[in-house]
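Please open the structure in a viewer and keep the sequence panel visible. The tour proceeds by selections, each followed by a short account of what is found there.

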Amino acid sequence: MNRSALKRHLPSIPLVVVLALVLVLGAAAFVYLGIYNIAADEPHSPPVYAMLKRLRDRSIQVHARGITPPGDLASAQRVSTGAGLYAEMCSGCHLGPGVEKSEISQGLYPQAPELARTQNLTPSEQFWIIKHGVKLSAMPAWGRTHSDPLIWDMVAFIRKLPSMTPEQYKAEVASAPADHDTMMKDMPGMK
């Protein structure tokens, strides 16, 4: 195709500039006027929710690549330590076997997954989520205050949750190391 034929099929530079300016002004007006309701008690529209879910899921998959779980991930020691951490830091939102919904878990949007019911993530993906958190979901980045071994302990426990009865859950939490503060005293940001 020669140059003149190509020029006939492409939009002119002034048209592209005007369209870009209209898009930028439209986006600025959308933000400035507060058109989109971000209230946690007002769900996203289905297309927005689908896009955000896909963005979150792909981001986790991509960023978790190359993370290798420790060989002793299923060890009783890891699961026990993870049980104490989970009970203290996670159960208020993610609940547990036999744990009733809390005020905070009911007010979250998107809802925190009930980890005793859902397990569709790899250990590496779970580790990445716990360590880095998830924006706009109330999931904190525990990696700022917890070491990688402690995060792997949480993953070890989370992987056992779906097979636990309420009684087993209570027993595991009760047998966890007693003092979270002692465990955390040497962690960054905990002085």
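The stops below concern a predicted model.

**First stop: a pair of helices**

Select helix α4, residues 76–89, together with helix α8, residues 148–160. Their axes lie 7 Å apart, and the two helices pack at an angle of about 90 degrees. Since angles from 65 to 115 degrees count as roughly perpendicular, α4 is therefore described as roughly perpendicular to α8.

Next, display the side chains where the two helices meet. On the α4 side, the residues to show are R78, V79, T81, G82, A83, L85, Y86 and M89. Their partners in α8 are P149, L150, W152, D153, M154, A156, F157, I158 and K160. By class, this contact of α4 with α8 comprises twelve nonpolar, two polar and three charged residues.

**Second stop: the largest pocket**

Turn now to the largest pocket, which holds about 1600 Å³ of space. To find its centre, select R56, I60, P110, V134 and S137, which lie nearest to it among the 49 lining residues. The elements that each give two or more residues to this lining are α3 (46–64), α5 (91–94), α7 (123–132) and α8. Of these, α3 gives the most, with ten residues. Colouring the lining by class will show 30 nonpolar, 13 polar and six charged residues.

Keep P110 selected and inspect the bond that precedes it. The peptide bond from Y109 to P110 is cis, with omega near 0 degrees. P110 belongs to the loop between α6 (103–107) and α7.

**Third stop: helix α7**

Is α7 mostly covered or mostly uncovered? It is mostly covered, with eight of its ten residues buried. Select these buried residues: P123, S124, E125, Q126, F127, W128, I129 and I130. They pack against α3 and α8.

**Fourth stop: the residues after α7**

Move just past the end of α7 to G133, where phi is positive, at about 75 degrees.

Then select L136, which is in the loop between α7 and α8. Its phi is near 55 degrees, a positive value in a residue other than glycine. L136 is exposed, with a relative accessible area of 83%.

Finally, select A138, which is found in the loop between α7 and α8. Phi of A138 is near 75 degrees, again a positive value in a residue other than glycine. A138 is exposed, at a relative accessible area of 55%.

How values were computed: Residues are numbered from 1 along each chain as its sequence is written. This is a predicted model: local features need pLDDT of at least 70, side-chain atom pairs count only at pLDDT 80 or more; totals for chains, interfaces and linings use all residues. Side-chain values use heavy atoms; hydrogens and water are left out. Axes are lines fitted to C-alpha atoms, for helices over the stretch in contact, and angles run from 0 to 180 degrees between N-to-C directions. Helices (H or I, at least four residues) and strands (E, at least two) are DSSP runs, numbered from the N terminus. Angles under 35 degrees count as roughly parallel, over 145 as roughly antiparallel, 65 to 115 as roughly perpendicular and the rest as oblique. Contact means heavy atoms within 4.5 Å. Ala, Val, Leu, Ile, Met, Phe, Trp, Tyr, Cys and Pro count as nonpolar, Asp, Glu, Lys and Arg as charged, and the others, Gly among them, as polar. On a 1 Å grid over the protein atoms alone, a cavity is a set of points where a 1.4 Å probe fits but cannot get out, and a pocket is an open set with protein on both sides within 12 Å along at least five of seven lines; lining residues have an atom within 4 Å of a point. Grid points are joined across faces, edges and corners, and a volume is the space filled by probe spheres set on the points. Buried means under 20% relative accessible area, exposed over 50%, partly exposed in between (1.4 Å probe, protein chains only).
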